[in-house]
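Q: I am new to this structure. Please take me through it with a close look at how its rings, strands and helices fit together.

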Amino acid sequence: MRTISITLMIVISGLVLFGCFGGQKTMSVATDAGADPNAAPVFVETKLLNIDTEMMANQFLIQQLPVSKKIDSTIAINSAYEMLLDTILAKDYKKFDLSTVPHLQTQHDDMYFDYLLRLTYKKHIVDSVTVDSSEVLSTYDEYKERFFKPTMYRVQHIVVSGENLMASADSSIYMQYSDEQVDSIARAQVMSLRERIVGGASFDTLAIMYSQDPGSADNGGDLGYLELNQLVSPFDSTVEHTPVDSLSGVIKTRYGWHVLKVLDKSLEHYSPIDSVYGALASLVKEKKVAERGKFFLDSLRESGEMLIDTALVESVDTLTNPDIVLAIINPSDKVNGCDTIFFKEYRGNAAYLAQQLRLQTPLSLEDKLQILTTMSNKYHFHRAAILMGYDKDPEIVAWSENKLKRYAVSTMRKEMLDDGYAPSDEDMRAYYDSHMDDYQVERPLKIQHIVFQDSAMAEYVRDVATSGIEFEELIDQYYPGDPDIKQAAANLGYIGKQDMPAEFWRQAMSTPVGEVSRPVKTEYGFHIIKVLDRNHSIPFESAKNRIKTILMEKHKKAVRDNFVEDHIGGKPIFHWDVFEFLHYKDVGPPINPASMMGRM
């Protein structure tokens, strides 16, 4: 089975060995929503295309806009123009010659190759395999152990630990106690809760209120169905010996003190065949598909040809030229399947295949030939796909057509939007001068200060500071508090208006660089302030790269908008009365709830 699964994997697993078919970011090419009265409301109207709110939502998704981002008019207008541009360009995509862009041609050919193999494998191998009920029934005993169900217990519990009490919001209550005493308090709490449950209180309610297990407390302490081997000791033995619908005593695990209740018990058993029929049918089909795939590949290799340069393969470890040919597959079939294995392909896959085929290093000549033979599978399969006409299948024809359209639109966009445009220094300087408010520093003043409780002392120290004594020395002598933190507390670094009281800020702003201010009173006391540096704006050279990006985007937008409007005969008509219906498509991640087993 290992040989079969590896062989088939080599044929169809382009994701691992021969390039990735999926994962490409695609571009929107809109289609008209039509006149369906039940269709989403139209947001943009043009003679070329009407764009409804659902099409806009798809465009937001393609643009990868975050769901948290507000849909404003700028985003809406930009997205609409992008859709119109793609639609206009797509009308001429057949004029695009893919061979003029070699890297796109190579990318398309690689993905086409993988797609054709996958399509052929599915339709010729997988879809041709059928499974009848007699095969499923006869397979049950063979796979019976897969459907063994051990004894399962459904349990709910409450847990309290001394460690969690010490870390809780009420931790100050327990500071006076030793660890052993806090542990005793936790045990007493659980014992009290157990007594309340015995007296008629709801286990669920008390678990929600007091249990310290975040994974189950909100569910009334319910841990779901568990196997004993999933639980720590003595939780496991307590569960095993507690009757259904009964309450345990108070027990301790490494997670704290527990009281638990067994809600249900399911004895070990084998799942009946009718409950696993679908899974069995899948197993049978998987086995038959593997067998058919191996037989098919073996027949292809027997009917095909492979010429190997054995001398080169034997000395392959010393080769350096990536373009040396190691093998030629089906050399006599120049039309449908003559392919070549170069050293660079062998080098890129040999280590992985050696591992999968469980070959020992250093590789023998036979091992290297086995790797080359395995690599040839995809080429034999490719030739068979063409001979059987799967390259004419409507599915792959449509895929290739759509891919060509996307490549064409992408390439024409770059050419049309003048990707080579770069603003001049004069243009960037003019933008900087006209947008000075955008380049103001948020925290322009670098300062030191000393705070006093007495205004007279503040005046005195200020006079000393102006006499030439270093301000740092005065900080060490007069700043209040611990000597180890005086300098850090006095050096405020760069500050802005939002960082300090208004009186402090006004005094600092009016003090020249290098000088010390007169005392100013705030809620903290009387301050004297030394201004070390003042920088009100970001220099042009520092802002230059950001301005360049802005101007390039503005240029592209202007070129795009003019191009679109020229082709649709004017500006699009926006129906702002349906703006409120624009929405994002939110595809959230799957929920992965915490479980008791994950912590035990």
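Which ring does the charged end of R187 sit over, and how far is it from that ring's centre? Please start there and then move on to the ring pairs and the sheets.

A: This is a predicted model. The ring is that of W257, and the charged end of R187 lies 5.5 Å from its centre. Another arginine is placed in a similar way: R429 has its charged end over the ring of F540, 4.1 Å from the centre.

Now the rings that meet other rings. The model has 15 aromatic pairs. One of them joins F43 and F574. Their centres are 5.6 Å apart, and their planes make an angle of 65°. Planes over 60 degrees apart count as edge-to-face, so this pair is edge-to-face. F43 belongs to strand β1, residues 42–45. F574 belongs to strand β16, residues 573–574. The pair therefore links distant parts of the chain, 531 residues apart. Both F43 and F574 are buried.

F60 and Y584 make another pair. Here the centres are 5.3 Å apart and the planes differ by 50°, which is a tilted arrangement. F60 sits in helix α2 (residues 53–62), while Y584 is in the loop between β16 and α22. The two lie 524 residues apart in sequence, so their pair ties those parts together. F60 is buried, and Y584 is buried too. Ring pairs also build a cluster, made of F43, F574, W576 and F579.

Next, the sheet around β1. It is open and has three strands, in the order β2-β1-β16, with antiparallel pairing. β2 and β16 stand at the edges. Each has a single partner strand, so one side of each has no neighbour in the sheet. Strands of a sheet pair through backbone hydrogen bonds.

Take β2 and β1. Strand β2 covers residues 50–52, and three bridges join it to β1. The two run antiparallel. A hairpin connects β1 to β2 through four residues. One bridge partnership sets V42 against D52 of β2.

β1 and β16 are also antiparallel, with two bridges. V44 stands opposite F574 of β16. F574 is thus a useful residue to follow, because it faces V44 across the strands and also pairs with the ring of F43. Helix α2 comes in here as well. It lies across β1 and β2 and runs at about 75° to β2.

A further sheet is worth a look. Three strands form an open sheet in the order β9-β10-β11, again with antiparallel pairing. β9 (306–308) and β11 (339–342) take the edges. Each of those has a single partner strand, so one side of each lacks a neighbour in the sheet. With direction ignored, neighbouring strands are turned by 20° against each other on average. Strand β10 spans residues 325–329 and pairs with β11 over four bridges. In that pairing, I329 stands opposite D339 of β11.

Two helices lie across this sheet. Helix α13, residues 343–356, lies across β10 and β11 at about 60° to β11. Helix α14, residues 365–387, lies across β9, β10 and β11 at about 150° to β11.

Helix α14 meets another helix too. Its axis and that of α11 (residues 277–303) come within 9 Å and cross at roughly 90°. That makes α11 roughly perpendicular to α14. On the α11 side, F296, L297, L300 and R301 make the contact. On the α14 side, the contact residues are T373, S376, N377, H380, F381 and A384.

One residue brings several of these parts together. N330 is found in the loop between β10 and β11. Its relative accessible area is 2%. Buried means under 20%, so N330 counts as buried. Leaving out residues up to four places away in sequence, N330 touches G304, E305, G337, C338, H380 and R383. H380 is also one of the α14 residues in the contact with α11.

Methods. Residues numbered from 1 in each chain as written. Predicted model: local features only at pLDDT ≥ 70, side-chain atom pairs only at ≥ 80, totals over all residues. Heavy atoms only, no water. Phe/Tyr/Trp six-rings, centres within 6.5 Å; stacked < 30°, edge-to-face > 60°. Buried < 20%, exposed > 50% of the residue type's maximum accessible area, 1.4 Å probe, protein only. Lys NZ or Arg CZ within 6 Å of the ring centre and 35° of its normal. Axes fitted to C-alpha atoms, helices over the stretch in contact; angles between N-to-C directions. Contact = heavy atoms within 4.5 Å. Parallel < 35°, antiparallel > 145°, perpendicular 65-115°, else oblique.
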